[in-house]
Amino acid sequence: MFSATLSHRVLELAYDHMNDPVKLRAEEGSLTADGIVESMYHTAMEEKFPLLVHILRSQNVERGMIFINQKRTGEKVARNLARYGFSVGILSGDVRQKKRMRILEDFGA
């Protein structure tokens with residue numbers, strides 16, 4: 001079983017139903033790769049997308065990742081970004097491996 005995020009209840013189920021489970025964790029803390037700038041904006045829901053477009057354009061973002069907690073919302077954001085002329089790839093749990101690899105290759109290009 002692998003996940004970047006597991007709720008406490010899912011972990012309990014895993015321990016109840018697995019033989020000798022081992023929990024591996026990446027180092028916790030504020031590790032940020034060199035060249036990465038973190039920012040946080042407090043906005044109303046209706047301001048989020050216009051702010052995202054503004055940030056992408058004003059910062060001349062050539063390559064970036066946007067993490068969204070729901071697939072449906074991610075698809076909506078991807079469609080809207082494409083309408084604004086951004087090249088978009090979307091990854092979720094149901095994307096086939098071949099397509100996933102192509103999206104990642106395009107991102108790394």
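Which residues make up the largest nonpolar core? In this predicted model, the answer is a set of 6 residues: Phe 49, Leu 52, Val 53, Leu 56, Val 77 and Leu 81. Two elements, α2 and α3, each give two or more residues to this core, and α2 gives the most, with 4 residues.

**The overall layout**

Let's step back to the whole chain. Its secondary structure comes to 4 helices and 0 strands, so read it as α-α-α-α from the N terminus on, following the DSSP runs numbered in that direction. The chain has 109 residues, and 13% of them count as buried.

**A closer look at the core**

Leu 81 is a handy place to start exploring. This residue belongs to the largest nonpolar core and is found in helix α3. Leu 81 counts as buried because its relative accessibility is 6%, and the cut-off for buried is under 20%. Another core member, Leu 56, lies 25 residues away from Leu 81 along the chain, and the C-alpha atoms of the two are separated by 10.0 Å.

**Two pockets side by side in a table**

The two largest pockets are easy to set out together. Here are their volumes, linings and residue classes.

| Pocket | Volume | Lining residues | Classes in the lining | Largest share of the lining |
|---|---|---|---|---|
| Largest | about 1300 Å³ | 28 residues | 15 nonpolar, 8 polar, 5 charged | α2, 6 residues |
| Second largest | about 1100 Å³ | 30 residues | 16 nonpolar, 8 polar, 6 charged | α4, 6 residues |

In the largest pocket, the lining residues that lie nearest the centre are Leu 52, Ile 55, Met 65, Ile 66 and Phe 67. The elements that give two or more residues to this lining are α2, spanning 48-58, and α3, spanning 71-83. Leu 52 is worth a second glance, as this residue is named in the largest nonpolar core and also among those nearest the centre of the largest pocket.

For the second largest pocket, the residues nearest the centre are Gly 64, Met 65, Ile 66, Gly 89 and Ile 90. Here α3 and α4, the latter covering 97-108, each supply at least two residues of the lining. Met 65 and Ile 66 are named nearest the centre of the largest pocket and nearest the centre of the second largest pocket as well.

**The loop between α2 and α3**

Where does Met 65 sit in the chain? Met 65 is found in the loop between α2 and α3. With a relative accessible area of 55%, Met 65 is exposed, because the cut-off for exposed is over 50%. Met 65 and Phe 107 are 42 residues apart in sequence, and their C-alpha atoms are 9.3 Å apart in space.

Asn 60 lies in that loop too, between α2 and α3. Although Asn 60 is not a glycine, its phi is positive, at about 50°. Asn 60 counts as exposed because its relative accessibility is 60%.

**Rings, charges and helix α4**

Phe 107 also takes part in a contact with a charge: the charged end of Arg 63 sits over the ring of Phe 107, 6.0 Å from the ring centre. As for rings that pair with one another, the structure holds 1 aromatic pair.

Is Lys 99 buried, partly exposed or exposed? Lys 99, which is found in helix α4, counts as partly exposed, because its relative accessibility is 42% and partly exposed covers the values between the 20% and 50% cut-offs. Lys 99 and Gly 89 are 10 residues apart in sequence and 9.8 Å apart in space, C-alpha to C-alpha. Gly 89, in turn, is one of the residues that lie nearest the centre of the second largest pocket.

**Pulling the threads together**

If you want a route through the model, begin with α2, which gives the most to the largest nonpolar core, with 4 residues, and also the largest share of the lining of the largest pocket. Then move to α4, which supplies the largest share of the lining of the second largest pocket. Finish in the loop between α2 and α3, at the exposed Met 65.

How values were computed
Residues numbered from 1 in each chain as written. Predicted model: local features only at pLDDT ≥ 70, side-chain atom pairs only at ≥ 80, totals over all residues. Heavy atoms only, no water. Phe/Tyr/Trp six-rings, centres within 6.5 Å; stacked < 30°, edge-to-face > 60°. Lys NZ or Arg CZ within 6 Å of the ring centre and 35° of its normal. 1 Å grid on protein atoms, 1.4 Å probe; cavity = no way out; pocket = protein on both sides within 12 Å on 5 of 7 lines; lining within 4 Å. Points joined across faces, edges and corners; volume = space filled by probe spheres on them. Nonpolar A, V, L, I, M, F, W, Y, C, P; charged D, E, K, R; others polar. Core = buried A, V, L, I, M, F, W, Y, C linked by side-chain atoms within 4.5 Å. Buried < 20%, exposed > 50% of the residue type's maximum accessible area, 1.4 Å probe, protein only.
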